[in-house]
Amino acid sequence: MDSTTQRRVVTFTANPSVDRTVVLDGPLARGEVQRAASATEQAAGKGINVARVLACAGVPTAAVLPFTDEAYQAMLFADLPAAMTVAAADGAHRSRTNTTITEPSGTTTKVNEPGPTLAEADLEAAASALLRAAEGATWVALSGSLPPGAPVDWYARLAGRLTQLGCKVAIDTSDAALDAVLAALPGAAFDLIKPNSDELAQLTGGDAAAFEAAAAAGDVADIVAAARALQARGIANVLVTLGGSGAVLVTADGAWQAEAPSITVRSTVGAGDSSVAGFILADVTGGGPAECLDAAVAHGSAAASLPGTTLPTPDDLPAQGSRVVALT
């Protein structure tokens with residue numbers, strides 16, 4: 001393989017969306033008529049977000065879509081980074097619209113539609129498109145919610161097929177799909193999961209509020225213990241994102257904690273996706289666990305400092321890196 005092929009990343013957006021962002025000039029007034037300061041639309045989805053961040057950093061990235069939507073794809077191609085390509089499975093469907101309402105304080109409210117219902121033929125066409133794109137890739141990121149019609153363990157099934165190709169696999173999802181990924185372990189082992197405090201509690205039976213309070217006080221012992229339990233079940237890297245309290249990474253070789261840089265939060269949309277992209281970016285460029293954690297926190301923080309659905313480029317990263325320490 002040449003160096004470009006070795007560093008290629010593939011993302012899969014199982015339930016793509018047109019992200020409509022409404023920016024308010026005051027707090028959201030529930031039940032009232034309120035004028036927006038601005039409104040924008042962008043072809044998006046969690047895998048698309050990961051792909052954009054990686055491609056803007058110069059990593060060749062292929063974004064795979066589970067169906068063809070000409071209007072969505074036209075919007076996507078209108079602002080496509082040079083290092084990013086797009087592949088769509090056969091079968092025409094209309095992508096959902098997700099609406100984000102952003103207040104001046106940085107508070108973000110999201111209303112997400114369910115997406116089109118995919119038949120069995122659609123699901124197999126999507127899987128085939130993904131596996132074709134993944135040939136020779138270093139990483140594949142499976143991101144976001146599942147569309148109606150997809151089996152709850154679809155990501156676990158896809159992960160098993162992808163690891164047979166020699167790809168590292170990241171899975172970033174939530175709710176029942178996240179539970180199904182865990183239930184498939186260790187048979188469907190994979191390489192990266194990025195739970196927040198709520199998701200870590202969901203997966204381990206912990207208390208999200210207690211995790212957050214302890215992290216804010218600088219105590220991540222319980223978070224590390226919960227992450228180690230997940231890692232031991234067959235996930236190579238457990239990256240726990242903690243917002244303003246930074247993040248924790250647990251691997252078979254140890255645990256690390258990173259403080260978040262000081263930023264003004266403008267919108268949290270895309271911050272988690274940017275963290276996944278930052279981790280993968282550091283890994284494909286030869287970084288170790290501390291470097292991967294640092295890059296994840298830097299990219300997530302940069303995304304949170306930008307308005308609306310804006311995703312970070314290398315120029316947007318905090319001038320000062322996060323402080324990463326190894327934990328015993």
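Two strands are taken to pair if DSSP finds at least two bridges between them, strands (E, at least two residues) and helices (H or I, at least four) being DSSP runs numbered from the N terminus. The structure is a predicted model, in which local features need pLDDT of at least 70 and side-chain atom pairs count only at pLDDT 80 or more, while totals for chains, interfaces and linings use all residues. Residues are numbered from 1 along each chain as its sequence is written, and side-chain values use heavy atoms, with hydrogens and water left out.

A good place to start is the sheet. Its 10 strands follow the order E5-E4-E1-E8-E9-E10-E11-E12-E13-E14, forming an open sheet with mixed pairing. At the edges lie strand E5 (84–88) and strand E14 (324–327), each of which pairs on one side only. From one strand to the next, the twist averages 20°, with angles running from 0 to 180 degrees between N-to-C directions of axes fitted as lines to C-alpha atoms, for helices over the stretch in contact. Within the sheet, strand E9 (residues 168–172) pairs with strand E10 (residues 190–193) in the parallel sense over two bridges; Ala170 has Leu192 in E10 as its bridge partner.

Helix H11 (residues 289–304) packs on the sheet and touches strand E11 (235–241), strand E12 (247–251), strand E13 (254–258) and E14, where contact means heavy atoms within 4.5 Å. The direction of H11 makes about 30° with that of E13.

Turning to helix H4 (residues 120–134), this element holds Leu123. Leu123 is buried, with a relative accessible area of 4% (buried means under 20%, exposed over 50%, partly exposed in between, with a 1.4 Å probe and protein chains only). Leaving aside neighbours within four places in sequence, Leu123 is in contact with Leu118, Gly149, Ala150, Pro151 and Trp154. Of these, Pro151 is 28 residues from Leu123 in sequence and 9.3 Å away in space, C-alpha to C-alpha.
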